[in-house]
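User: I would like to learn how to read the features of a protein complex from its atoms. Please go through them one by one.

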Amino acid sequence: MNASEYLPKDEVAIIGGGPAGMQTALALSERGFSVRIYEQKEQLGGHLKGWHHLFPHGVAASDLLGQLKEQVLARAVPLHLGQSVDRLQKVGAGWVLWQGERPLGRAGVVVLANGFALFDARRKEEYGYGLYPSVLTAADLEAVFRKEQPWPFGSDRMAPQVGFVHCVGSRDLKCGSPHCSKLCCVTAVKQAMAVKSLFPEAQVYCFYMDLRMHGLEYEELYRKAQVDYGVRFIRGRLSEAAPGQGKRLHVKAEDTLQGRPLHLQLDMLVLMSGMVPAFLLEQQERAVFLKEPVFGSGFVPVQGLLAAGSVVQQEGLFASGACKGPATLPEVFADAAAVAREVEQYLKSLKAVAHA
Amino acid sequence: MEKSAWFVWPFMLGFMFALVVLLLRYLWWLRSLWRRPSSRLLSRMFSKHSLLAVREIFSEGLLHLRIYKRNRRLGFMHMSLALGWFMMIVGGKFETWFHSGQFLHGTWYAVFFRYFEPQTAGGWAGTFWLHYMDLGLLLVLTGLALAIMKRIRKRILGIHSSTRHTLVNRVALTFLWMIFPLRLVAEALTFGQHGGGGFLTGSLGRCCFSSGMLAGLELPLWWAYSLSLGAFFVVLPFSRYLHIPTEMALIFLRHWGLRAAEDLQPEKALQAFEIHACSACGLCLDVCPAIKDHPFQSAYFLRALRSGKGWESLASTCLSCGACEEACPINLGLEKLRTAARGKIHEKHHAVYSYLPTVAPVETSRVDVLLFTGCMGRLKPATTKALKDLFEEAGLTWVHLDEQESICCGRPLSLAGRAGEASALREHNRNLIQGQQARMLVTTCPICLKQFRDDYGLELPVYHHSEMLWYCLRAGRLKREKGTACFSYHDPCELGRKSACYQAPRELLQSCGTLLPLEREQADALCCGNSLGALSLSLSERQALTSRTLKVLEVSGAQSIVTSCPLCQHNLARQSRLPVRDLAEVLAVTGLPEQHGQRTAALAAVQEL
Amino acid sequence: MPKPDFGFAFAPNRALDLSAPLLPEVQVVLETEPSIRACMACGQCAAVCTAGAFTPLAFYRLVLQLRGGDVAAVGERARHCMLCGKCQMTCPRGVNIRNAVLLMAALAPPKP
């Protein structure tokens, strides 16, 4: 079969219009390939849309998103918004993208860049998310920062007691998430500092298992939170949230360094919901399905010695960004460049075969 | 009249051997009774209890009605083997009596009667006995054919799993299978040569064995019959066929008021009879939620106890879900045996609770309900909140007994075989409960429920919240309109099989929505995998069981899974695609507002686009 | 040449000696219930502990002490557990805590 026969005009289809999708699209477009973005929502941006400011430097999320969008527009990358690809069908060396029974388009290469989902905190009922209004997730707190949602305590409370729980739905085999979500630690530090900036009298506690400050300047941020902001870090887990005095929550925890149980009254409890797979990749011989994840399903598996983007068992299918596992924005951007290079090599090899 | 022959000796020797061994074993098991005879046992021995025992032996030892109720084909197999053999034993006695006019004979006489008296006359009555004995033989042979079919293709008998046997049991099985075909051929040959016989043996003899050339085969066949009988009797006391006499003895002992000990004594008193009364019929296999992964089913557990080897791991991995005890056709106290075994493994465990503060009951005004949510209830705030809302709605006053701190009810220790160690906990809780003035104690935890009901001796009635809500519904204190919601209901082991509460949760759900039928529910329901019974089952093994249970519950059309145990809900909710809620949450107007997981909701939204 | 002794050294029993092999009874516990090795001392077990509200019982500390070879203390403490199983239900690493506690409690003989 002649591969070039099936090579469509648009060489690369990118599924997902978040930071990973946009950056991969830009990197490929800069290399001279024609690229399209398929985004299930009506707007580009992914989870970044909901963020207020970014660690470690506090850059406004909307600024970064604006820049990315501008570049995508400047390069005139065709956008298919509101289109949710749920099936990829292999035809020749290329792919046909489907949404239900509707074909959305064709491409020689598909890059999965459809990111992650946040762990549903309701599954950990003991923390009372959805039951007590003062229990928020980290994403909810960003919405509060963005003034899209009110603070869960009255405006009269100038010195709120605030607790952050790390590792909610990550590093938890019972929740089917054995992995470390890795950026919740620094997110909690960032949010704790933000709360302290807004309420200087606030008492802020972070309940952690291990603090994983792996990124550039994260450790410095942690120290700053301790020293400059007075955030208290307690190595231990929370037991459960129960109704406390007034509208407060009563929480119990273990301080593992002191080896003693503790309890306290909180005005706001923030759950650091971990990153979990947004979809389950079901691979068949000549088709790939993007399905609803089930308990214990993992991120997109890729092959290669180190960071690589080629999806296991699928020629011409690549994955970029956090759909392969938890990743920070700098990592997503670096990955986009690496994946673009891999895609370029693949397309060149395909053309060489076609010419020969 | 009676003539003896050498060939009866293999049978006689085997039979006498079995009798002596059985007698010795039974006497050994009952040794404690000789030392300390129980007056209760003696008084019951000569009362209607013995008649009741005979009736049970007839219905279960012969007719096998409980097996029949669960699985007709399997029940028929057991019935035809036991009843047919019984017919032949009784019939043989009467037949020899009838023909010889003498009641007592050597045991061998009735067994080999046809050889000695091939041409018995006796008019219509003689003919009756001939046909009657053939009927018994036919019944046994039918059972045998089914048993062979079961070994080849068990699906024919409506079962998925059958017991894998040890060598001695396979030897015993072989001899047992040989006995009746040999008897058929031996009798047929005798009748073929001498004439006469019933509808089976006579006809077979006339059409196949009348040739004079076969006359020389007659004696060897009777030898073979006697040999297989004798060999079977020799291995009987050491094989699972020991269950035949032991089951009967067990039924008598139970009716005479003997109870199994709390600690493990596999060679003593009722426990010994229970352990040896198992016929390995296999009913405990198919019902076990872990049949595909583990060999801890009761048939194997009891076999391990009989051999004294390997029972420890079987006892500590088993979930104690109670499915096998529910299915056991001879009602063996399997749960008690398992906890006894666990207690034996951990006999060095001695709990110390001297640190507990003494409870000074606070004087409170009289309330309707004393609510106890238990250790696990603490992890389920939505259930507790929903239940309190329902109390308000029903106009009930309540006190939440363990809102602040509480201690364990003691049942988890009992499930680990250390019931005695829990007495301090029970004492503590009993003081707490009895210090309050309330009409009833309501608990959201089926584990606490069972413990409070069975082991606390409380003066006030104890209810599970599903029972209490059901009473409220029936009394009109709660009113619900049937909505469009479709539920599948998970029966918690501790509430269903252990406390026989099936109806209340079902009627509650039917009052506000549609309850979907499931492949396995009520007494056959699967364990969620989170049972406190299992001590050493690993997380991945538990999660595999949970996903199997969820497959049953995620029946098409179900919008949510409902259960009524904090452990089940906690465990199922972590793994389920569908939302898993407590009964109280479903019933309460206020519950979690949006029940679908974010991932599910997001996907649904995407699919709508 | 003998090393000079300035009189400063670890006080006896102050330091754990990691070069010493694990006690055989500790090894038995770890082998009988291998999931103990998965403990990362996050403290979830202690946070939810029913008995822990009344007495210094914390399973993750028992694990640390067990590895440290302090079997007497482990046995003593483990006997305060009520076996309610709340910790096991919430343990993120799926440690079979109830079984582990039963094994640990057997390490110290009961006091008369």
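User: In what order do the elements of chain C run from the N terminus on?

Analyst: Helices (H or I, at least four residues) and strands (E, at least two) are DSSP runs, numbered from the N terminus. For chain C the order is α-α-α-α-α-α; the chain has six helices and zero strands. Along the principal axes, the C-alpha atoms of chain C fill a box of roughly 60 × 30 × 25 Å.

User: What conventions apply to the model and its numbering?

Analyst: This is a predicted model, in which local features need pLDDT of at least 70 and side-chain atom pairs count only at pLDDT 80 or more, while totals for chains, interfaces and linings use all residues. Residues are numbered from 1 along each chain as its sequence is written, chains are lettered from A and ligands numbered from 1 in the order in which they are written, and side-chain values use heavy atoms, with hydrogens and water left out.

User: How many residues of chain B and of chain C are in contact, and what area is buried between them?

Analyst: Contact means heavy atoms within 4.5 Å. By that rule, 35 residues of chain B touch 27 residues of chain C. Buried area is the accessible area (1.4 Å probe) that two parts lose on being put together, summed over both. Here the area is about 2,600 Å², and carbon and sulfur atoms give 67% of it. On the chain B side, His349(B), Tyr355(B) and Leu535(B) lose the most area to chain C, together 21% of what that side buries.

User: How many salt bridges and how many polar contacts does the rule find across the interface of chain B and chain C?

Analyst: A salt bridge needs a side-chain nitrogen of Lys or Arg within 4 Å of a carboxyl oxygen of Asp or Glu. The rule finds zero of them across this interface. A polar contact is a pair of N or O atoms within 3.5 Å; within protein, one must be able to donate a hydrogen and the other to accept it, and residues adjacent in sequence count only if both atoms are side-chain atoms. Six residue pairs are in polar contact between chain B and chain C, both residues at pLDDT 80 or more. The elements of chain B that give two or more residues to this side are helix H20 (374-377), helix H22 (411-415), helix H27 (539-553) and helix H28 (566-575). The largest share, three residues, comes from H28(B).

User: Which residue classes make up that side of chain B?

Analyst: Ala, Val, Leu, Ile, Met, Phe, Trp, Tyr, Cys and Pro count as nonpolar, Asp, Glu, Lys and Arg as charged, and the others, Gly among them, as polar. The side of chain B that touches chain C has 22 nonpolar, eight polar and five charged residues.

User: How does the interface of chain C and chain A read by these rules?

Analyst: The contact takes 20 residues from chain C and 21 residues from chain A. About 1,400 Å² is buried, 45% of it on carbon and sulfur atoms. In chain C, Cys42(C), Ala47(C) and Pro92(C) lose the most area to chain A, together 31% of what that side buries. The rule finds one salt bridge across this interface: Glu240(A) pairs with Lys86(C), with the closest N and O atoms 3.5 Å apart. It also finds 13 residue pairs in polar contact, both at pLDDT 80 or more. Helix H2 (44-48), helix H3 (59-68) and helix H5 (86-90) of chain C are the elements that give two or more residues to the chain C side. That side divides into 11 nonpolar, six polar and three charged residues.

User: In what order do the strands of the open sheet in chain B stand, and why is one side of S6 and of S8 left without a neighbour?

Analyst: Strands of a sheet pair through backbone hydrogen bonds, either parallel or antiparallel. Two strands pair if DSSP finds at least two bridges between them. In chain B, four strands form an open sheet in the order S6-S5-S7-S8, with parallel pairing. Strand S6 (514-515) and strand S8 (580-582) of chain B stand at the edges with a single partner strand each, so one side of each has no neighbour in the sheet. Strand S5 (residues 486-489) of chain B pairs with S6(B) in the parallel sense over two bridges, and Cys486(B) stands opposite Thr514(B).

User: What does the open sheet of five strands in chain A look like?

Analyst: Its order is S8-S7-S6-S21-S20, and the pairing is antiparallel. Strand S8 (102-107) and strand S20 (280-283) of chain A are the edge strands. Strand S6 (residues 87-91) and strand S7 (residues 94-99) of chain A are joined by five bridges; Leu88(A) has Leu97(A) as its bridge partner.
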